[in-house]
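Biologist: Before we rely on any label, I would like each one traced back to the value behind it. Could you take me through the reasoning, starting from the structure itself?

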Amino acid sequence: MEQLSNEYLNEAIEDCRPYAVNGNVNTSLPNFDDTLRDKLGVSIMTTDQNVYSAGNSTHCVPMQSTAKVIALMLALHDFGKERVFQAVGMEPTDEMFNSIGAIESHDKVKPFNPMVNAGAIAVCSLIKGGNNDNRFDRYLRFLKQITNNNELAMDESVYQAEIANGARNRSLAYFMQSTGALIFDVEAALDLYFRINAVMMSCDDFARVGLLLARDGIDSTGKRLIPPHHLRTVKAIMMTSGMYNSSGEYAVDAGFPCKSGVSGSIIGVVPGRMGIGIVGPAIDKKGNSTAGGALIKKLSKDLKLNMFRTESTY
Ligand code: GLN
């Protein structure tokens, strides 16, 4: 077994960086172009308060789908598990994260799960606040508490790009409005979804989200931010659906809950042990960072992080 250290992470980054060649940078995001292809960074924060990082760990990217994890935490806090899962399913899907067909064929009311776009838009309609400025403010305050980073903010150009490129998400939302899946104004749910996608974070920030989950809701100051039973739900949903339609592969090859975003970000959670934050902007066809995904699997193997493995199967 490898020992976790900055030197080990530096080597791991160099081993995994070449996997970027198998992916493409999502150029629909502002300032994302092929010059980002070879960027790869990682931060790891352990439950015993150690911090390790390597590569381009300070490079900030928009949260994109990693925001779905935070939205789910808030909706569970605001409405409870029963109500949230009346609006959205719990099951993994083999369809793409923005599939239109999936929301009609599966269940006439619910999207598959909170980690696909339709599911997250439905979840956004379950965040309290009265209006979107307040809802987003709550989201950002919660995220600042989790990450211990008061500088976090939405990038206006990313938000505008989400609006401009949002036809697909609008289609999903309006379809759900027709089935009764959205409990408040469809445009408001979409607008909140667009805003949360546009918050900029670094590997440290992503790792701290993972650490909160690894510590069952206790933040770095020892304060409980969210009850453990909600986080049990969030971790289970990340495990089964967090890597989109590659979630089964990651359950097998990583064996701990992860969530990715099309900015190449990944949040990893090793319960009781560590939070992992990765940024590697080249993504595969399903939306997962190719070098970042390789790194998740390597860390799992080298550091024995797979919860389904026992000593004899490493
Ligand atoms: N902004 C992207 C979208 O809504 C986020 C999706 C993702 O990261 N998979 O399609």
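Modeller: This is a predicted model, and by class the lining of its largest cavity has nine nonpolar, four polar and no charged residues.

Biologist: Which residues lie nearest the centre of the largest cavity, and how many line it?

Modeller: The lining of the largest cavity has 13 residues, and Met-96, Phe-97, Ser-99, Ala-102 and Val-116 are the ones nearest its centre. Met, Phe, Ala and Val count as nonpolar, whereas Ser, being neither in the nonpolar nor in the charged group, counts as polar. Helix 3 (101-105) and helix 4 each contribute at least two residues to this lining, and the cavity holds about 60 Å³ of space.

Biologist: What makes the lining of the second largest cavity partly charged?

Modeller: Its lining consists of Ile-146, Arg-208, Leu-211, Leu-212, Arg-215, Ile-218, Asp-219 and Ser-220. Because Asp and Arg count as charged, the lining divides into four nonpolar, one polar and three charged residues. Helix 9 (residues 203-214) provides the largest share, three residues, and the volume of this cavity is about 40 Å³. A search of the whole structure finds four cavities of 30 Å³ or more.

Biologist: Why are helix 4 and helix 8 called roughly perpendicular?

Modeller: Helix 4 (residues 117-124) packs against helix 8 (residues 186-197) at an angle of about 110°, with the axes 8 Å apart. Angles of 65 to 115 degrees count as roughly perpendicular, and the two helices are therefore roughly perpendicular to each other. The crossing of helix 4 past helix 8 is right-handed.

Biologist: Which residues of helix 4 and helix 8 meet?

Modeller: From helix 4, Asn-117, Ala-120, Ile-121 and Cys-124 meet Ala-189, Leu-190, Leu-192, Tyr-193 and Ile-196 of helix 8. By class, this contact has eight nonpolar, one polar and no charged residues.

Biologist: How do you know that helix 2 is roughly perpendicular to helix 4?

Modeller: The axes of helix 2 (residues 67-87) and helix 4 come within 8 Å and cross at roughly 80°. Since the range for this label is 65 to 115 degrees, the crossing makes helix 2 roughly perpendicular to helix 4.

Biologist: What makes up the contact of helix 2 with helix 4?

Modeller: Lys-68, Ala-71, Leu-72, Ala-75 and Ala-87 in helix 2 meet Asn-117, Ala-120, Ala-122 and Val-123 in helix 4. Because Lys counts as charged and Asn falls among the polar residues, the contact divides into seven nonpolar, one polar and one charged.

Notes. Residues numbered from 1 in each chain as written. Predicted model: local features only at pLDDT ≥ 70, side-chain atom pairs only at ≥ 80, totals over all residues. Heavy atoms only, no water. Axes fitted to C-alpha atoms, helices over the stretch in contact; angles between N-to-C directions. Helix = DSSP H or I, 4+ residues; strand = E, 2+ residues; numbered from the N terminus. Parallel < 35°, antiparallel > 145°, perpendicular 65-115°, else oblique. Left-handed = near helix turned anticlockwise from the far one by under 90°. Contact = heavy atoms within 4.5 Å. 1 Å grid on protein atoms, 1.4 Å probe; cavity = no way out; pocket = protein on both sides within 12 Å on 5 of 7 lines; lining within 4 Å. Points joined across faces, edges and corners; volume = space filled by probe spheres on them.
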